[in-house]
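Dear colleague,

Here is the structure that I promised to hand over, and below it you will find an account of what was found in it. Please keep the structure open beside the text while you read.

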Amino acid sequence: MISEKTPASSAACETCPVHHAAYLLKLGVEMDEWDFVVALAGNPNTGKSTVFNALTGLRQHTGNWPGKTVTRAEGGFKYDGQTYKLVDLPGTYSLLSTALDEEIARDFILFGRPDVTVITVDATRLERNLNLVLQILEITERVVICLNLMDEARRHGLQVDHRRLARDLGVPVVPTAARYGEGLDLLVQTIAEMASGRIANKPHRIQHLSPDLQQAVIKLSKQIEMVFPGVPNTRWVALRLLDGDERIAQAITEGELGDLSNGIQDRSERIRDLGVEAV
Ligand SMILES: Nc1nc2c(ncn2[C@@H]2O[C@H](COP(=O)(O)OP(=O)(O)OP(=O)(O)O)[C@@H](O)[C@H]2O)c(=O)[nH]1
Ligand SMILES: [Mg+2]
């Protein structure tokens, strides 16, 4: 379990023979460069900020009502010799949402190029939460599921077969009770393995695109790439356009799509120059 006594870096500790590199060092905002960016996504009120605080030592606002986090917050931790920037996102039910705070989360997941996306899932409301999980699995393979509120699930007599869930989704599932620090050490280890490519995912993907639709998606993706070079997830953008998503159509016609992707990148670079700040 990760406790407040997780050792701080000290020369004596690191030269001691019992020292093991694989331990967590909470960096707060004290970080000027990082090896990996990890996004924390999930439905509102599923414990994202609780996980964020436990791993970074910061104090993002948490509370028992949805929509507490309204903007992104960034902090860091070090584990097994690598530095991670963790980005706490507002809760979102869907990548298709048009609500402003949900858009912040959506834009970062889609265009922020995180190395790993951790999705916190409420173990007592699995079905509702899986909607977002399946949408995110359509756009990135580098996903770790944090199956949170396991204490609540137990209290309600619910048994969740997390191994089966991991098999069905094709990504690792780590059961946690973040409020009590339960499962977080395995979560960090799994994030590290995913970031370094030691775990290869085979995510569940929608298989039933008709040949015509498939062709249209490929053609449109290429056109989007030509107009907005470097924009990730053009397949997703193409699918949304074909589905008549007005918000995405507007982002294309007004050039915002390019700004969106560059903006997130510029900002990350600016933060890298300045040193990380909580936002
Ligand atoms: N019982 C229990 N409560 C938890 C657990 N993790 C988080 N909570 C509580 O759930 C509430 C919501 O937690 P937050 O971390 O603020 O959730 P969030 O996902 O960041 O919420 P938004 O920012 O609104 O999306 C808080 O009261 C937490 O203390 C857990 O594992 N078990
Ligand atoms: Mg939050």
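**What was found**

Leu149 has its place in the loop between strand 6 and helix 5. The model is a predicted one, and in this model the phi angle of Leu149 is near 60°, which is a positive value in a residue other than glycine. Is Leu149 buried or exposed? Leu149 is buried, because 26 other C-beta atoms lie within 10 Å, and the cut-off for a buried residue is 20 or more.

A second residue invites the same kind of look. Asp80 is found in the loop between strand 3 and strand 4, and its phi, near 55°, is likewise given as a positive value in a residue other than glycine. Asp80 counts as partly exposed, because it has 14 other C-beta atoms within 10 Å, a count that falls between the limit of 12 or fewer for exposed residues and that of 20 or more for buried ones. Strand 3 and strand 4 form a hairpin with two residues between the strands, and the positive phi of Asp80 belongs to this hairpin.

**The sheet**

With these two loops in mind, we can turn to the protein as a whole, which has 11 helices and seven strands, and in which 38% of the 279 residues count as buried. Of the contacts with a separation of 6 or more, 68% are accounted for by residues 24 or more positions apart.

In what order do the seven strands form their open sheet? The order is 1-3-4-2-5-6-7, and the pairing is mixed. Strand 1 and strand 7 (173-175) stand at the edges and have a single partner strand each, so one side of each is left without a neighbour in the sheet. On average, neighbouring strands of this sheet are turned by 25° against each other, if direction is ignored.

Strand 3 (residues 73-79) is a good place to follow the pairing in detail, and six of its seven residues are buried. Strand 3 runs antiparallel to strand 1 (residues 24-28), to which four bridges join it, and Lys26 stands opposite Phe77 in strand 3. Strand 3 also pairs with strand 4 (residues 82-88), again in the antiparallel sense, over seven bridges, and here Tyr79 stands opposite Gln82 in strand 4. A parallel pair is found elsewhere in the sheet, where six bridges join strand 5 (residues 116-122) to strand 6 (residues 143-148), and Asp122 stands opposite Asn148 in strand 6.

Helices lie across the strands as well. Helix 3 (residues 100-111) lies across strand 2 (36-42), strand 4 and strand 5, and runs at about 140° to strand 2, while helix 6 (residues 162-169) lies across strand 6 and strand 7, running at about 160° to strand 7.

**The nonpolar core**

The largest nonpolar core has 57 residues, and those with the most contacts inside it are Ile119, Val144, Ile145, Cys146 and Ile191. Helix 7 (residues 184-195) provides the largest share of this core, with seven residues. If neighbours within four places in sequence are left aside, the residues in contact with Ile119 include Ala41, Leu132, Val143 and Cys146.

Leu132, one of these partners of Ile119, has its place in helix 4, and it is buried, with 25 other C-beta atoms within 10 Å. Although Leu132 and Thr92 are 40 residues apart along the chain, their C-alpha atoms are separated by 7.9 Å. By contrast, Glu141, which lies in the loop between helix 4 (126-139) and strand 6, is partly exposed, with 14 other C-beta atoms within 10 Å. Beyond its neighbours within four places in sequence, Glu141 is in contact with Asn201 and Pro203.

**Around ligand 1**

Which residues come nearest to ligand 1? Of the 25 residues around it, these are Gly47, Ser49, Thr62, Thr69 and Gly91. Two elements, helix 2 (48-56) and helix 5 (150-155), give two or more residues to this shell, and helix 2 gives the most, with three residues. By kind, the residues of the shell divide into six nonpolar, 14 polar and five charged.

With best wishes

Key. Residues are numbered from 1 along each chain as its sequence is written. Chains are lettered from A and ligands numbered from 1 in the order in which they are written. This is a predicted model: local features need pLDDT of at least 70, side-chain atom pairs count only at pLDDT 80 or more; totals for chains, interfaces and linings use all residues. Two strands pair if DSSP finds at least two bridges between them. A residue is near a molecule or strand if its C-beta atom, placed from the backbone, lies within 6 Å of it. Ala, Val, Leu, Ile, Met, Phe, Trp, Tyr, Cys and Pro count as nonpolar, Asp, Glu, Lys and Arg as charged, and the others, Gly among them, as polar. A nonpolar core is a set of buried Ala, Val, Leu, Ile, Met, Phe, Trp, Tyr and Cys residues joined through C-beta atoms within 7 Å. Two residues are in contact if their C-beta atoms, placed from the backbone, lie within 7 Å. Axes are lines fitted to C-alpha atoms, for helices over the stretch in contact, and angles run from 0 to 180 degrees between N-to-C directions.
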